[in-house]
Amino acid sequence: MDPNRIAEPRRSSLLLLRLLLVVLLWSGLALGTFSVGSSPRRVLHDLLSEEQLLEVEDLSLALLQGGRMGPLSLPPDLPDLDPECRELLLDFANSSAELTGCLVRGARPVRLCQTCYPLFQQVANKMDNISRAVGNSSESHSCARSLLMADRMQIVVILSEFFNSTWQKANCANCLTNKSEELSNSTVYFLNQFNHTLTCFENNLQGSTHSLQSRNYSEVCKNCHEAYKILSSLYSEMQKINERESKAEFGTHLCIDVEDAMNITRKLWSRTFNCSVPCSDTVPVIAVSVFILFLPVVFYLSSFLHSEQKKRKLILPKRLKSSTSFANIQENSN
């Protein structure tokens, strides 16, 4: 290839760049926006905004490199995404970023299922859109092939599997309706009762000037006993229903939000406040226990009193019986 032919476009580019700079400098002189001793860089900075200045620099570099910018200067066979596929990828990226932020923000205390389920559904829909993109164009350039199977890493697939695994381990399906469009009624009722219980704790702690170690929590135990009892009963009932329906994929756990809320409440009640819940069935339990303990004693006494003591009876032979009867007759005759 002739080097002169290669140098010709570059000379044209340099000429065009110089012409552009001359026009900018001339317009600056005509407007009187800079002094004679100013540098070209300072002149351009005065005339243009920072963003426009960067565009001018990129344009000048592109002209020096042959008049084309970015991927347009690369070989035509370089793999690139179609506009439709790029839009699907950007949608998945934005949804994944929002869901990741929600999961991290809801990690402690656990609020994953109740706050992130709309974003999880959004990510799932974006992934479905990518998967259904097969056949929209030619097989070799389909979006699913380009985004899901084009390389060894398969980043989109890894992210999708991570979100699905996290959602399943949290058992969020047990907090939602069948279509996972909203929280179930039982979950909403439990969370409302949980908030009511925490509000009761907070209200009965206000006004105390003692330290946490020496604080008296008798008011909390007395005034919040009913709220805690209702919450605990509701949690037990939800566990029974979950075990009966067997909807949990990992054992019989409830969703992580409900379990964490109950664990927090129990720790506050028993460890922090040192409260106890009196059992209403204490008397029947004690009575049954005592009865079971005395069953062996009652059994042996009844066996001893009502059993008959059999006496040994001698069975005489027939000859002795006849001689004895004859002797008795003789004695009677005398």
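A nonpolar core is here a set of buried Ala, Val, Leu, Ile, Met, Phe, Trp, Tyr and Cys residues that are joined through side-chain atoms within 4.5 Å. In this predicted model, the largest such core holds 50 residues, and the members that touch the most other members are L99, I130, L148, W167, F190 and V258. The elements that give two or more residues to this core are α4, α5, α6, α7, α8 (185-205), α10 (225-245) and α11 (256-272), and the largest share, 9 residues, comes from α5. In soluble globular proteins, nonpolar side chains tend to be buried together.

**Helix α4 and its packing**

- Helix α4 covers residues 83-105, and because 23 residues at 1.5 Å a residue should span 33 Å, the distance of 33 Å between its end C-alpha atoms agrees with the expected value.
- The buried residues of α4 are C85, L88, F92, S95, S96, L99, C102 and L103, and these pack against α5, α6 (143-148) and α7 (155-169).
- An α-helix has 3.6 residues a turn, so residues three or four places apart point the same way.
- L99, one of the core members that touch the most others, is in contact with C116, L119, F120, V123 and F163 when residues up to four places away in sequence are not counted.

**Y117 in helix α5**

- Y117 is placed in helix α5, which runs over residues 112-131, and Y117 counts as buried because its relative accessible area of 16% is under the 20% cut-off.
- Beyond its neighbours within four places in sequence, Y117 contacts L112, W167, L176, S180, E181, E182 and L183, and W167 in that list is also among the core members with the most contacts to other members.
- Between the C-alpha atoms of Y117 and C102, which are 15 residues apart along the chain, the separation is 9.6 Å, and C102 is itself one of the buried residues of α4.

**T197 in helix α8**

- T197 lies in helix α8 and is buried, with a relative accessible area of 0%.
- With neighbours within four places in sequence left aside, the contacts of T197 are A227, Y228, L231 and T265.

**A nonpolar patch on the surface**

- M153, I155, I158 and L159 together form a nonpolar surface patch with about 340 Å² of accessible area.
- I158, a patch member found in helix α7, counts as partly exposed because its relative accessibility of 43% falls between the 20% and 50% cut-offs.
- Helix α7 is also among the elements that give two or more residues to the largest nonpolar core.

Terms used. Residues are numbered from 1 along each chain as its sequence is written. This is a predicted model: local features need pLDDT of at least 70, side-chain atom pairs count only at pLDDT 80 or more; totals for chains, interfaces and linings use all residues. Side-chain values use heavy atoms; hydrogens and water are left out. Helices (H or I, at least four residues) and strands (E, at least two) are DSSP runs, numbered from the N terminus. Buried means under 20% relative accessible area, exposed over 50%, partly exposed in between (1.4 Å probe, protein chains only). Contact means heavy atoms within 4.5 Å. The expected span of a helix is 1.5 Å times one less than its number of residues. Patches are made of residues with over 30% relative accessible area and no salt bridge: like charges are joined within 9 Å, nonpolar side chains (Val, Leu, Ile, Met, Phe, Trp, Tyr) within 5 Å. Accessible areas come from the Shrake-Rupley method with a 1.4 Å probe; for residues, only the protein chains shown count as cover. A salt bridge is a side-chain nitrogen of Lys or Arg within 4 Å of a carboxyl oxygen of Asp or Glu.
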